[in-house]
Structure formats: C-alpha cells, structure tokens
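User: I would like to go through this model with you, one question at a time, keeping to what can be read from the atoms and the record.

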Amino acid sequence: MAHSAPNTLKHQRLDKDDAVLLIIDHQIGLFQLVKDVGPVEFKNAVLAHAALGKVFNLPTVMTTSTDNGPNGPMLKEVLEMHPKAPLIRRQGEVNAWDNKEFRDAVKATGKKQVIIAGIVTDVCTTFLALSLIEEGYQVFANSEASGTYSKRIADEANDRMRAAGVNVMSTFAVAADLMRDWRHTPGYPELSPYFDK
C-alpha cells in the first residue's frame, strides 16, 4: 500500500495587521465569462471581497487588464469603495505579477499576507497566486469572489492553488479569520452589518 507524503504545510492564519487585499480584473466586460456561479451572487461576492478592505482597513491594490477594450473598466462600486487605492491598468500582461508597477504597489504595502480574487479563477487568480507563493507570500484566495467558465475549471484551478500552498477560502472564512474574536474591533458591531449585506 502506497503511503502519501506527510502534509508539510502549516496552518496559516490571517493577521489583519499584515494583510493586503488584491482586486484582480473585476471588470464589467469580464463578468460574462463567469458561469460557475449566478451573476447576482457573483457580483455580491465581488463587492463583499472589496469591502473587506474597508471593514479591516487593509491596504488595497486593484488592477485591470486592457480596460480600454472589451474587458471594460473595473466595477464602479469597487472603485468608489477604494478611491485612494492604486489602480494598475495592465496593457498586456496576463499574470498581474509580470507587471512591474503592480509588483511595486504590492511590495510597497510591506505586508506578507495577500488576499486575492479575480476573473477568471484559472488564469487571473491562479497565475498571480502561484507567483506570490514563489515570492514567499502567504496567499489566501477568496474562491467566492473568483469566477470562471465552469465548476469543473474552478475546481481544477482551486486544486492547483491548494497543491502549491494557497489557502482557498470563502469570504466568510476570510472575514472571520481577520476578525478572530467577535469582541475585537472590528468585531460584532462592524461585521454584523457587513455579513447582513
């Protein structure tokens, strides 16, 4: 009987003081590519992901891919939520990490933990997640706020990320791990309306 290698990955916990939020290609024209979840549910998940930055006061970096073409601009509600956050407008790089301006913006935050979500899961989220792991970051991929063509593709992408050491989590799990205790600030008073919404 074959024995699987022992799991050497350590349990990683989010620390709100050491995390940066990344919003990857949540662009109007790309939403139509998302078929593994319904459009209303997905848009709500994207807005909830963006709102994590507000609730926990996380440095936030946004990026778009050729937003002057059919991909369209970043979701208006996301831009309004983060008026001062850097928005890196990539003109060709598929993997956001290949863009120097984006890399510099992420590194400038000084954070070691990265919370990411994007369209599409198997490319925009996964490629960046794998590059961040390679750079030594702890990576937390919000699976609810990432979408792609089918459930099968999403499952394969999430498996690929997990195999590389990415923590694939729901929005609620990310928020709960950042909060740690309902009595903390932000805690119940701040997160109760967030979860209700």
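User: Leaving aside its neighbours within four places in sequence, which residues is Leu 178 in contact with?

Analyst: This is a predicted model, and in it Leu 178 is one of the residues with the most contacts inside the largest nonpolar core. Leaving aside neighbours within four places in sequence, the contacts of Leu 178 are Leu 14, Asp 15, Lys 16, Ala 19, Leu 52, Phe 56, Leu 58 and Ile 115.

User: Which element supplies the largest share of the largest nonpolar core?

Analyst: That core has 33 residues, and Leu 52, Phe 56, Val 78 and Ile 115 are, with Leu 178, those with the most contacts inside it. At least two residues each come from strand E1 (19-24) and from helices H1 (39-55), H2 (76-81), H6 (171-179) and H7 (188-196). The largest share, seven residues, is supplied by H1.

User: How many residues does the second, separate core have?

Analyst: Phe 102, Val 106, Ala 129 and Val 166 are among the residues of this second core, which is separate from the one just described. Its residue count is 22.

User: Which element gives the largest share of the lining of the largest pocket?

Analyst: The largest pocket, with a volume of about 620 Å³, is lined by 25 residues, and Glu 41, Asn 44, Ala 45, Ala 48 and Thr 171 lie nearest its centre. Two or more lining residues come from each of H1, H2, helix H5 (151-163), H6 and H7. By character, the lining divides into 12 nonpolar, six polar and seven charged residues. The largest share of the lining, eight residues, comes from H1.

User: Where is Pro 186, the residue that follows the cis peptide bond from Thr 185, found?

Analyst: The peptide bond from Thr 185 to Pro 186 is cis, with omega near -5 degrees. Pro 186 is found in the loop between H6 and H7.

User: And where is the place of Val 120?

Analyst: Val 120 is reached from Ile 119 through a peptide bond that is cis, with omega near 0 degrees. The place of Val 120 is in the loop between strand E4 (113-118) and helix H4 (121-134).

User: Is Asn 57 buried or exposed?

Analyst: Asn 57 lies in the loop between H1 and strand E2 (60-65), and its phi is near 55 degrees, a positive value in a residue other than glycine. Because its relative accessibility is 68%, and the cut-off for this class is over 50%, Asn 57 counts as exposed.

Notes: Residues are numbered from 1 along each chain as its sequence is written. This is a predicted model: local features need pLDDT of at least 70, side-chain atom pairs count only at pLDDT 80 or more; totals for chains, interfaces and linings use all residues. Side-chain values use heavy atoms; hydrogens and water are left out. A nonpolar core is a set of buried Ala, Val, Leu, Ile, Met, Phe, Trp, Tyr and Cys residues joined through side-chain atoms within 4.5 Å. Buried means under 20% relative accessible area, exposed over 50%, partly exposed in between (1.4 Å probe, protein chains only). Helices (H or I, at least four residues) and strands (E, at least two) are DSSP runs, numbered from the N terminus. Contact means heavy atoms within 4.5 Å. On a 1 Å grid over the protein atoms alone, a cavity is a set of points where a 1.4 Å probe fits but cannot get out, and a pocket is an open set with protein on both sides within 12 Å along at least five of seven lines; lining residues have an atom within 4 Å of a point. Grid points are joined across faces, edges and corners, and a volume is the space filled by probe spheres set on the points. Ala, Val, Leu, Ile, Met, Phe, Trp, Tyr, Cys and Pro count as nonpolar, Asp, Glu, Lys and Arg as charged, and the others, Gly among them, as polar.
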